[in-house]
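Below are my notes on the model, set out as numbered points. They cover some helix pairs, a sheet with its packing helices, an aromatic pair and one loop residue.

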Amino acid sequence: MSPRFSLALLTFIAGTSFAQPIEPVDPKDRAVRLAEPDEQSREQTIRAVLERINADFLTEDERATLRVLHGQWILEDLNNPALNSQIALDLHDYSNPIFDNPNTSPIRRAIAQLNQGNAQNALDLIEQVETTTIESNFIRASAYELLGRVDEAIALLEGIENTLASETIDDAGQLAIGSEALIKLTRLRAPAVSAKADYEAIQALLGIARDRIDRLDWRIRSTEAQLLYEHHNLGEAHTAAIEALRLNPRAADPMLLLGHIAVDGFDFDNAERLAKTLDEVASSTEQNAEDQTPGVSIGGAIIRARIALRRKDPQGAEMALDPALAKYPNHPTLLALEASAAAAGYRISSTNRLLNKYNELFPDSPTAAVWVGKTLAEYRQYTYAAEILRRAIQLAPNWGEPRLQLGLMLVQAGKDIAAREALTEAIKLDPFNLRAQNSLRLLTELATYETIESEHFIIRYKAGPDELLAREMPQILEAIHERVSSDLPGGMNHEPKDKTIIELMPNHEWFAVRIGGMPHIHTMAASTGPVIAFESPREGPKSKVGHYDWARVLQHEYTHTVNLSRTRNRVIHWMTEANAVFNEDAPRDQSQWSLLTNAVQNDELFDLDSINIAFVRPEKPTDRALAYAQGAWMFEFIVERFGPTAPRDIMDSSATGRSAPEAFEQVLNLSQPEFMDLFTQWAREDLRSRGLLRPNDLPPLDELLGDPAAGLPKLNELDDLLEQYPDHPDLLNLRLGIALAIEGDQLSNEQLQLLKTTILVRPEDEMPHKRLARHYLASESPDEQALAIPHLEYLDAREVHTTAYANQLAELYAMIGEHERAFDKAIRATRIAPFDAPTREQAARMALLIENYDNAQHQLEALIEIEPDRDIHKQRLEALLKLTDS
C-alpha cells in the first residue's frame with residue numbers, strides 16, 4: 001500500500017522557469033519525465049538515488065533510513081518512531097501524534113516544538129539529550145533567539161562555529177545544520193572579520209559537504225538555497241531548491257522556498273500549486289488522515305497569505321492564515337503575516353496589538369517588524385513603514401535585511417539620499433545581496449540623470465536622446481496637473497504637498513529595475529505615489545511597448561499620485577483605477593464596450609466587493625479587464641447621478657477606514673444592493689442608447705428571422721424588416737455583414753448607406769468608421785478624401801499606440817486649408833512617436849503652414865538629434881533661421 005500523496009510537485013523540479021505546466025504523475029513512476037532543459041542531469045540524479053537505495057550490501061534498516069532521506073518512504077516505515085518522526089519533520093507535519101510518543105527522540109520532539117514557536121518546550125526537551133552535538137546546540141540557540149536571549153544564542157552558535165573550524169565532520173546532515181547555524185550567526189552578530197568572509201566561509205562549508213561528503217544529501221542543497229535566497233539571489237536559489245527536491249521530492253523546506261520565489265516573481269498560479277502540494281505533503285502520512293483539520297500546512301498558509309498580500313487582498317491573507325493559526329497559534333511567521341495583513345488593511349491599532357503580542361512571545365525579535373514594514377512599503381504607507389523598519393534595525397543591528405527593506409522603500413518614496421545611505425549600510429552587512437546591489441546601481445544611475453523642474457514636477461532623464469522628450473514635457477505635465485487636481489469631474493481638488501518626480505527611463509530594462517517588480521495596469525508606466533516612472537516611448541530591441549501616447553498614460557498615473565496624496569495612500573483599489581481611467585479623458589474603445597455588454601447580458605457585473613477581488617484574484621482571463629472597464633463606468637454613473645464631488649467624498653470616507661460598501665452608504669445614502677440596482681438599470685439604458693442592447697420595444701432577432709432551420713431570409717425580406725425596424729441594432733448588423741461580404745476599397749451606395757446607418761444606431765462600433773475612412777481615402781478627389789476626417793477623428797480619439805490616424809488627419813486638414821488643426825494633429829503624432837523622424841518632419845511642415853517658426857525650429861532641432869548624419873535637417877534649420885532673422 002502506498003502513502004496517500006500526489007507527486008504533482010515533481011513538475012516543479014524543472015529548470016529555472018516557473019511557467020511549467022502541472023501534470024499529476026503516478027507516485028510509483030520513478031522515471032517520471034520532467035519538462036526541463038537539464039534532462040540528462042535530472043535522470044542521472046534519479047538513477048544515482050535509486051541505485052543508492054537499492055544497493056545489495058545495505059541492511060534493511062540502512063535501506064529504510066535512505067528511503068526516508070530521499071522521500072521514498074513506504075507506509076511500513078511509519079511504524080518505526082525514529083523514521084516516522086523524521087518523515088514528519090521533513091513534511092513540516094509538526095502536530096503529528098508521533099511527537100507525543102515518549103519513544104520518539106527528544107531532539108525530534110524539540111525540533112517539532114521549536115517549529116511551532118514553542119521555544120521553552122523545545123529547551124525542556126533538549127535537556128533530556130545527554131550528548132551535546134551541533135544539532136542539539138543549534139536547537140538550543142534557536143530557542144534562545146526566540147526567547148530574546150540573544151547573547152546566549154550567539155555563544156552557542158559561536159561554539160558551533162569553533163567546532164566546524166577545528167574538527168573533522170563527515171556527516172552531511174550535521175554540516176547542513178552547522179551551515180544553518182552560521183547563517184543565523186551572521187544575522188545576530190557583527191562580522192568576525194568581514195561580512196564577505198563570513199558568507200564565503202558558509203559557501204565553502206556547503207561546497208565541502210556537497211562535493212566531498214555526500215552529493216546526494218538534499219539537506220545540503222536545501223541549505224544552499226536558503227543562503228542564496230536570503231541574499232536575494234533568486235535564480236541560483238531556485239536552482240538549488242530544485243536540485244534538493246530531485247533528491248527528496250517530499251521535502252517541504254525547498255518546496256516552501258520555491259513558493260516564496262514564485263510569490264516574489266508574481267507567479268501566483270505556480271505559487272498556489274506549491275501551497276496545495278505543501279498541504280498534501282503535511283497530511284500525507286496515514287496517522288494524520290483523520291486529523292480534524294486535514295490539508296492545513298504552515299507552508300501552504302504562508303504562501304497563500306503572501307499571494308493575497310501581494311494582490312492587495314488583506315482579507316484574503318487573513319482567511320489563508322486562520323486555519324493554520326488555529327493549529328499552530330504560536331508560529332512566528334504565521335503571526336508576523338497576521339500582523340502584516342492587519343497593516344495592509346490600514347488597521348493601525350490591530351497592527352500594533354499584534355506586534356505587541358508577537359514581542360511578548362518572542363521578545364526583541366525583528367522578524368515581525370520586517371514583514372510588517374515590507375507590507376506597509378508595498379501598500380505605500382511610507383511613513384509608517386519607515387518607523388517599523390527602523391524599529392527592526394534597532395532590534396537587529398547586524399542583520400542586513402531591515403536596512404535593505406528600508407532602502408527599497410525609500411527608493412519608491414523618491415528619497416534617494418536616505419535610500420542610498422540605507423542600502424550602503426545593508427551592503428556592508430550583506431555584500432552579496434543582489435537586490436541591494438541592483439537598487440544601489442539604480443540610485444547610482446539616477447544620480448547621473450539630468451533634471452528639469454517645473455512648478456509641480458521634477459523631470460529626471462538620462463542625458464542623450466531622451467532630452468528631446470524631457471524638454472517637451474513640462475508644459476504638458478502642468479496641463480495634466482491642472483486637469484487632475486481641479487474640481488472638474490474626476491479631478492481630486494487637491495495638490496500633493498511635494499513636487500512629483502517623473503523619471504523617464506531610457507529602456508525597459510531600467511524601467512523594470514526602477515519599479516522593482518510592482519504590478520500595474522500600464523506595463524510602460526508606474527506610480528509609487530511621489531514618483532512616476534515610465535519607459536521612453538521608442539521602438540527598438542530594448543523597448544517593450546514601442547510608441548505610445550505617453551501624455552495620456554501619465555495623466556492616468558498622475559491621477560494615482562494625487563489620489564494617494566489626498567487619501568494618505570488609503571484608497572479603494574477599484575476606485576483609484578476607475579478614477580485614473582476616467583481621467584484619461586478618452587472614449588471607451590470597442591473591446592471595452594464588448595466586455596461591458598457581455599457582462600450586462602449575462603448578469604455578470606461585479607458588485608462593490610467582487611470588483612476588488614477581480615483585480616486581485618481574477619477567476620477568468622477577462623475579469624481584470626472587465627474590472628477596469630466597469631469601474632470607470634460606475635465612476636461615470638456616480639458623477640452623472642450624484643454629482644462630480646461624490647467620488648471624492650467616497651474616497652475620503654474610505655480613507656478613514658470604512659469599507660467600500662460602508663463608504664458608499666455614507667455618501668450616497670444607498671446600500672450596496674440599492675446602488676447596484678440603480679447602476680445596472682442605468683447601464684442597460686446606456687447600452688441601449690448606443691445600440692449595444694436591443695431596446696425593449698423591438699422584437700428579438702430570432703423572433704424576426706423565424707425558424708433557423710429554414711435558413712436566413714432573402715435580402716428583400718431583410719430589407720423589408722429593416723424598413724419596419726430601421727433602428728434594430730442586431731438586424732442592421734446582420735444586414736451589414738451580408739452587404740460587406742464582397743467588397744473592395746470602394747464601396748457601393750448600398751454599402752455606404754448601411755455603414756452610415758450603423759454609425760447612427762451603433763455609435764461605438766469601430767468597423768464602420770474604419771471601412772468608410774478606407775473608402776474615402778481611396779478616392780482621387782480631395783473633396784471625397786476629406787470625408788474621411790470624422791471617421792479618422794473617431795479612431796484617433798481611441799488610439800494609444802499608432803500615429804497613423806493623426807498623421808493622416810494632419811495631411812487632410814492641411815489639404816483643405818485648416819492649418820491649425822493640421823498642426824494640432826501633427827503635434828499629437830509627435831507625442832506618440834517623439835523619436836520618429838517622419839513624424840517630426842510632418843510637424844515642422846505644419847508649423848510652417850501657420851507661421852509658428854519657433855515650433856518649426858524646435859522640430860528641425862529634434863530631427864538633427866534624431867538623425868544627426870542627415871545634413872538636410874541642418875540645411876533646413878539654417879534656412880529657417882535666415883527667414884526668421886529677416
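1. A crossing is called left-handed if the near helix is turned anticlockwise from the far one by less than a right angle, and right-handed if it is turned clockwise. By that convention, α6 passes α7 in a left-handed crossing. The model is a predicted one, and that should be kept in mind for each point that follows.

2. Helix α6 covers residues 134-146 and helix α7 residues 150-166; their axes come within 7 Å and cross at roughly 155°. Angles over 145 degrees count as roughly antiparallel, so α6 is roughly antiparallel to α7. On the α6 side the contact is made by Ile 134, Asn 137, Phe 138, Arg 140, Ala 141, Tyr 144 and Glu 145. On the α7 side Val 150, Glu 152, Ala 153, Leu 156, Leu 157, Ile 160, Thr 163 and Leu 164 take part. By class, these residues divide into 10 nonpolar, two polar and three charged.

3. A second helix pair is α43 (residues 853-866) with α44 (residues 871-885), whose axes come within 9 Å and cross at roughly 160°. That angle makes α43 roughly antiparallel to α44. The crossing of α43 and α44 is left-handed. From α43, the contact draws on Tyr 853, Ala 856, Gln 857, Leu 860, Glu 861, Leu 863 and Ile 864. From α44, the residues include Leu 877, Leu 880, Leu 881 and Leu 883, along with His 873 and Lys 874. The contact of α43 with α44 divides into nine nonpolar, three polar and three charged residues.

4. How are the strands of the five-stranded open sheet ordered? The order is β1-β2-β3-β5-β4, and the pairing is mixed. The edge strands, each pairing on one side only, are β1 (450-453) and β4 (525-527). From one strand to the next, the twist averages 15°.

5. Within this sheet, β2 (residues 457-461) and β3 (residues 500-505) pair in the parallel sense over five bridges. Arg 460 stands opposite Glu 503 in β3.

6. Two helices should be read together with the sheet. Helix α23 (residues 467-484) lies across β1, β2, β3 and β5 (531-535), and runs at about 160° to β2. Helix α24 (residues 508-515) packs on the sheet and touches β3, β4 and β5, with its direction at about 155° to that of β5.

7. Helix α24 also meets helix α22 (residues 434-447): the two axes come within 10 Å and cross at roughly 115°. The crossing of α22 and α24 is left-handed. Asn 438, Arg 441, Leu 442, Glu 445 and Leu 446 of α22 make the contact with Trp 510, Val 513 and Arg 514 of α24. These residues divide into four nonpolar, one polar and three charged.

8. The structure holds 18 aromatic pairs. In one of them, the ring centres of Phe 582 and Phe 635 are 4.9 Å apart and the planes stand at 45°, so the pair is tilted. Phe 582 lies in helix α26 (residues 573-582) and Phe 635 in helix α29 (residues 623-642); at 53 residues apart, they link distant parts of the chain.

9. Where does Val 800 lie? Val 800 is in the loop between α39 (789-797) and α40 (804-815). Leaving aside neighbours within four places in sequence, Val 800 is in contact with Tyr 548, Asp 549, Arg 552 and Ile 832. Val 800 and Glu 539 are 261 residues apart in sequence, yet 14 Å apart in space, C-alpha to C-alpha.

Conventions. Residues are numbered from 1 along each chain as its sequence is written. This is a predicted model: local features need pLDDT of at least 70, side-chain atom pairs count only at pLDDT 80 or more; totals for chains, interfaces and linings use all residues. Side-chain values use heavy atoms; hydrogens and water are left out. Two strands pair if DSSP finds at least two bridges between them. Helices (H or I, at least four residues) and strands (E, at least two) are DSSP runs, numbered from the N terminus. Axes are lines fitted to C-alpha atoms, for helices over the stretch in contact, and angles run from 0 to 180 degrees between N-to-C directions. Contact means heavy atoms within 4.5 Å. Angles under 35 degrees count as roughly parallel, over 145 as roughly antiparallel, 65 to 115 as roughly perpendicular and the rest as oblique. Ala, Val, Leu, Ile, Met, Phe, Trp, Tyr, Cys and Pro count as nonpolar, Asp, Glu, Lys and Arg as charged, and the others, Gly among them, as polar. Rings of Phe, Tyr and Trp (its six-membered ring) pair if their centres lie within 6.5 Å; planes under 30 degrees apart count as stacked, over 60 as edge-to-face and the rest as tilted.
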